[in-house]
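Biologist: Hi, could you pull up that chain for me? I'd like to chat through the fold.

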Amino acid sequence: MESLLKMSGISKSFPGVRALKDVDFDLKKGELHALVGENGAGKSTLIKILSGLYKADEGTLVLRGEELKTTGLREMIGHGIGIIYQELNLIPYLSVAENIFLGREPRTKLGTIDWPKLYKMTQAVLDPFQLNIKPRQKVASLGAAYQQIVEIAKALSLNAEILVMDEPTAALAGFEVERLFEIIGRLKKEGVSIIYISHRLDEVHHLADRITILRDGEKVVTKARGEMTNDEMIKHMVGRVLEEQYPQYDSVRGEPVLEVKGLTKAGVCEDVSFTAYAGEILGFVGLVGAGRTEIMQTIYGYLKKDQGEIFLHGKPIKIKNCRDAVTQGVGLLPEERKQQGLVLGMNIFDNAALTVLDLYSKFGVLQKRKIAHEVNTMVESMNIRTPSIRQLVMNLSGGNQQKVVLAKWFVRQCDVYIFDEPTRGIDVGAKVEIYRLMQNLAKRGAAVIMISSELPEVMNISDQVAVVFEGKLVKKFKKGELNEEEVMQYSLGLHEGREA
Ligand SMILES: Nc1ncnc2c1ncn2[C@@H]1O[C@H](COP(=O)(O)OP(=O)(O)OP(=O)(O)O)[C@@H](O)[C@H]1O
Ligand SMILES: [Mg+2]
């Protein structure tokens, strides 16, 4: 079959980085072609060239048999190419509807925006997701998952013939992912061609017709799904065989570090009690919107609690805000890290230095060399792809930015760490390293709390797991006591005492 799209010999360099080297990629009508590779392999760069955001240094782009000479953003949309970017590009203070149809709002005869029509059109693109998102709602009021859905809906509303999805499910969990897969299935039937980027390899195996693997900016292989096993895929991605996806260690339970008793906030959580012990990892699972993030936000003072007590090492603590949390020994990796976790316009070193200012200053002078040493060690162990620690964070790939956020906390000594979706957007190889680093924190006596939407990950890495359903802890269990299916039942609210 003739290719709908053919990218040939694509090369692209940035100062100090050769992002793509002579890459070929093609897309057939109605197929889903997955693009995978480690963080920094060049996936997003390739699709930014396709979207017209970047210009390739070399190579050609042939669409429907014709070579494209100019490739601006508008041109490419005009050619029927819709992109869901990895970084969300929504405008927080505008409504969902305004964001989705920005610059394309339906007009009345008088030329003003036809609001009723706009809301109706928006509802129509949101309907298939069956989620509680309202067209009039401000985007800022939505959590990361729902913002991601809005971003997806926005791309769908373009009715593009070629749809590129750069990690569309990074912020989603079970239910939403399934909705998205249904939508993808429908689009394919309608003849839409999809380029799909994901670090969740099970998704890739589930969805892809063909798979292309990039490593260090070069194409390693393109194969039909059935021709490549999961292990082969990983081997091609990381260039070696991964021995264990979930490193094991024998944890030793120490003292209770963080105790939460009867934490309640109207509309958010109800009577939540748990204990995080030194030396252990405590995982929180639940559907997106179940209240996991909000429970943590109530603990660290971002949301104000109505009732309940929080103890650190047996003493009641009052945390006013994130900064205050840190000084009291609670390290926090928020879900919304672009706003709360990273300064994109600063380099890696300065970002890391921000979190450890107090630890590495003597007589008011920053011990830059020591910090640089720590940061360089982190960059190496987490395999952060960067020419140096002086690189601006905004120039790093999505996954590598995520690693920088994590590195900031691994450098810092805290009594409790709360990690909200720590491995979002991280490739398979680097995930293993992050699990190890988390285990090391536990080994050195910290209590580690991990929220994750990837069920296998929480179940394999946590010593204890708490399941959240509608703001309540409906089940707690020790590692190995329940299987995935049972946990799913609890997170869907289908546990005993309820009718399925
Ligand atoms: N604007 C830029 N300036 C400098 N370097 C850049 C820029 N954009 C990307 N790079 C570099 O190009 C390489 C490829 O980045 P890219 O974003 O394409 O990776 P990716 O495969 O999408 O990774 P991830 O899985 O982390 O999203 C990385 O080393 C990145 O740091
Ligand atoms: Mg990317």
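Biologist: Among contacts between residues at least 6 apart in sequence, what percentage join residues at least 24 apart?
Modeller: That comes to 68% in the protein chain. Keep in mind that this is a predicted model.

Biologist: Noted! How many helices and strands are there?
Modeller: The protein chain has 17 helices and 22 strands. Its radius of gyration is 23 Å, close to the 23 Å that the globule rule gives for 500 residues, so the chain is as compact as a globular protein of that length.

Biologist: And what box do the C-alpha atoms fill?
Modeller: Roughly 70 × 55 × 45 Å, taken along the principal axes. As for burial, 44% of the 500 residues are buried.

Biologist: Let's turn to the sheets. What is the order of the one that contains strand 3?
Modeller: That is an open sheet of six strands, ordered 6-7-8-3-9-10, and its pairing is mixed.

Biologist: Why do strands 6 and 10 each have one side without a neighbour in the sheet?
Modeller: Because strand 6 (81-84) and strand 10 (218-224) stand at the edges, each with a single partner strand. On average, neighbouring strands here are turned by 15° against each other, ignoring direction.

Biologist: Do tell me about strand 10's pairing: in which sense does it pair with strand 9, parallel or antiparallel?
Modeller: Antiparallel, over six bridges, with strand 9 covering residues 210-215. Within that pairing, Leu214 sits opposite Lys219 of strand 10.

Biologist: Which strands does helix 6 touch?
Modeller: Helix 6 (residues 174-189) packs on this sheet and touches strand 3 (32-37), strand 7 (162-166) and strand 8 (193-197). The helix direction makes about 145° with that of strand 8.

Biologist: Nice. Now the sheet with strand 13, what is its order?
Modeller: The order is 16-19-20-13-21-22, again an open sheet of six strands with mixed pairing. Strand 16 (330-333) and strand 22 (472-478) stand at its edges with a single partner strand each, so one side of each lacks a neighbour in the sheet. Here the average turn between neighbouring strands is 15°, direction ignored.

Biologist: Which residue is the bridge partner of Val330 in strand 19?
Modeller: Val416. Strand 16 and strand 19 (residues 416-420) pair in the parallel sense over four bridges.

Biologist: Last one: which helix packs on this sheet, touching strand 13, strand 19 and strand 20?
Modeller: Helix 15, residues 428-443. Strand 13 spans 281-285 and strand 20 spans 447-451, and the direction of helix 15 makes about 145° with that of strand 20.

Technical notes. Residues are numbered from 1 along each chain as its sequence is written. Chains are lettered from A and ligands numbered from 1 in the order in which they are written. This is a predicted model: local features need pLDDT of at least 70, side-chain atom pairs count only at pLDDT 80 or more; totals for chains, interfaces and linings use all residues. Two strands pair if DSSP finds at least two bridges between them. Helices (H or I, at least four residues) and strands (E, at least two) are DSSP runs, numbered from the N terminus. Axes are lines fitted to C-alpha atoms, for helices over the stretch in contact, and angles run from 0 to 180 degrees between N-to-C directions. Two residues are in contact if their C-beta atoms, placed from the backbone, lie within 7 Å. The radius of gyration is taken over C-alpha atoms; the globule rule is 2.2 Å times the number of residues to the power 0.38. A residue is buried if 20 or more other C-beta atoms lie within 10 Å of its own, exposed if 12 or fewer, and partly exposed in between; C-beta atoms are placed from the backbone.
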